[in-house]
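Biologist: I would like a close look at a single part of this protein, taken slowly enough for a first-year student to follow. Please start from one proline and its surroundings, and then connect that part to the rest of the chain.

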Amino acid sequence: MTETTTEATTNLTTPTTRRTVLGLTGAGVLTALAGCLGSASLPGQSAGNGTNGNDQSARTYRVTVANLTTGQPFTPPAVVAHRAGVELFAVGDPASDAIRELAENGNLGPLGELAEESDDVRGVTVADAPLVPEELPASETFPAAATLELETDASGAYLSFVSMLIGTNDGFAGLDTVPLPERVNESRSYFAASYDAGTEVNTEAYADMVPPAQALYGIDSGTEGTGASDPDLAEGGVVTPHAGIVGDGDLDPAVYGWDDPVALVQVERLD
């Protein structure tokens with residue numbers, strides 16, 4: 001019998017209070033936008049590559065990530081299985097280089113390096129397409145949800161998820177260090193909140209956003225946007241719950257804003 005546990009959770013158990021065209025590689029529009037992501041992708045890690053002989057039993061999970069917003073596309077979601085010592089982000093702490101690059105530029109390169117270098121990361125999987133709400137024009141091409149297969153071992157008992165909120169300066173959806181299901185056929189559901197990396201001023205201007213923002217919204221603002229961090233907009237802040245779109249720039253909050261939670265992450269252990 002399948003057991004389902006539903007938990008509303010955010011990083012560090014912060015209470016939830018509010019509710020492309022970015023791919024790692026691709027053709028057509030995706031090729032034109034590849035510069036925003038760089039060429040790096042997250043490497044898969046084989047289960048059981050650690051040194052603890054008690055942690056070698058392989059496990060496979062089905063992970064489904066759904067975009068719950070009406071106006072914010074996500075970059076292809078990255079899902080990581082890891083030991084308890086790994087913390088991708090924490091509210092109140094400065095964002096790591098990996099989170100800054102993801103949140104500002106949709107770049108998974110530094111996160112891939114972390115996965116490659118840390119033995120505490122036991123498995124990684126990344127979707128091959130952005131997640132676009134049905135209300136946006138690009139939803140005709142891209143889905144609002146993705147189902148992934150994640151392989152790990154018994155030592156990788158925790159899951160984290162991150163994805164850039166494309167129509168923001170440095171916003172991301174995230175879930176940090178939540179338990180994976182223990183038993184075969186057991187499933188868990190988690191709600192993920194939106195966060196501000198605190199690394200770039202929120203101008204809400206297309207010129208300061210990655211080019212896919214305009215492409216996914218079906219808008220040509222006459223500006224190209226940028227896939228690189230702008231030192232003039234650097235902000236030495238910390239990770240906080242995101243304030244959403246407030247209307248200071250090019251985006252109408254009524255169309256492109258959101259309430260938390262922004263994503264639903266469902267995990268089922270297959271074997």
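Modeller: Pro261 sits in the loop between helix 5 (253-256) and strand 10 (263-269). This is a predicted model, and in it the peptide bond that runs from Asp260 to Pro261 is cis, with an omega near 0 degrees. Most peptide bonds are trans, and most residues other than glycine have a negative phi.

That second tendency leads to two further places in the backbone. Thr177, which belongs to strand 7 (residues 171-179), has a phi near 55 degrees, a positive value in a residue other than glycine. Glu204 is not a glycine either, and its phi is also positive, at about 55 degrees; this residue is placed in the loop between strand 8 (187-196) and helix 4 (212-217). As for their surroundings, Thr177 has a relative accessibility of 25% and therefore counts as partly exposed, while Glu204, with a relative accessibility of 4%, counts as buried.

To see where these parts belong, it helps to step back to the whole protein. Its secondary structure consists of five helices and 10 strands. Of the 271 residues in the protein, 54% are buried. The protein exposes about 10900 Å², and carbon and sulfur atoms supply 48% of that area.

The charged side chains tell another part of the story, for the structure holds eight salt bridges. One of them joins Asp120 to Arg83, and the closest N and O atoms of this pair are 3.3 Å apart. The two partners come from distant parts of the chain, 37 residues apart: Asp120 is in the loop between helix 3 (109-117) and strand 4 (121-126), whereas Arg83 is in the loop between strand 3 (78-82) and helix 2 (97-105). Asp120 is partly exposed, because its relative accessible area is 29%, a value in the range between the limits of 20% and 50%. Arg83 has a relative accessible area of 18% and is therefore buried, since the cut-off for a buried residue is under 20%.

A second salt bridge brings together the side chains of Arg122 and Asp153, with a distance of 2.7 Å from N to O. This pair, too, links distant parts of the chain, for Arg122 is in strand 4 and Asp153 is in strand 5 (residues 145-153), 31 residues apart. Arg122 counts as buried, with a relative accessibility of 0%, and Asp153 also counts as buried at 0%.

These two pairs can be read together, because Arg83, Asp119, Asp120, Arg122 and Asp153 are linked in a network of salt bridges. Within this network, then, Asp120 is partly exposed, while Arg83 is buried, as are Arg122 and Asp153.

One more salt bridge may be set beside the network: the side chains of Arg100 and Glu101 meet at a distance of 3.4 Å, again from N to O. Here Arg100 counts as partly exposed, with a relative accessibility of 24%, whereas Glu101 is buried, with a relative accessible area of 15%.

To return to the starting point, the place to look for the cis peptide bond is the step from Asp260 to Pro261, in the loop that leads from helix 5 to strand 10.

Methods: Residues numbered from 1 in each chain as written. Predicted model: local features only at pLDDT ≥ 70, side-chain atom pairs only at ≥ 80, totals over all residues. Heavy atoms only, no water. Salt bridge = Lys/Arg side-chain N within 4 Å of Asp/Glu carboxyl O. Helix = DSSP H or I, 4+ residues; strand = E, 2+ residues; numbered from the N terminus. Buried < 20%, exposed > 50% of the residue type's maximum accessible area, 1.4 Å probe, protein only. Areas by Shrake-Rupley, 256 points an atom, 1.4 Å probe, with all protein chains shown as cover.
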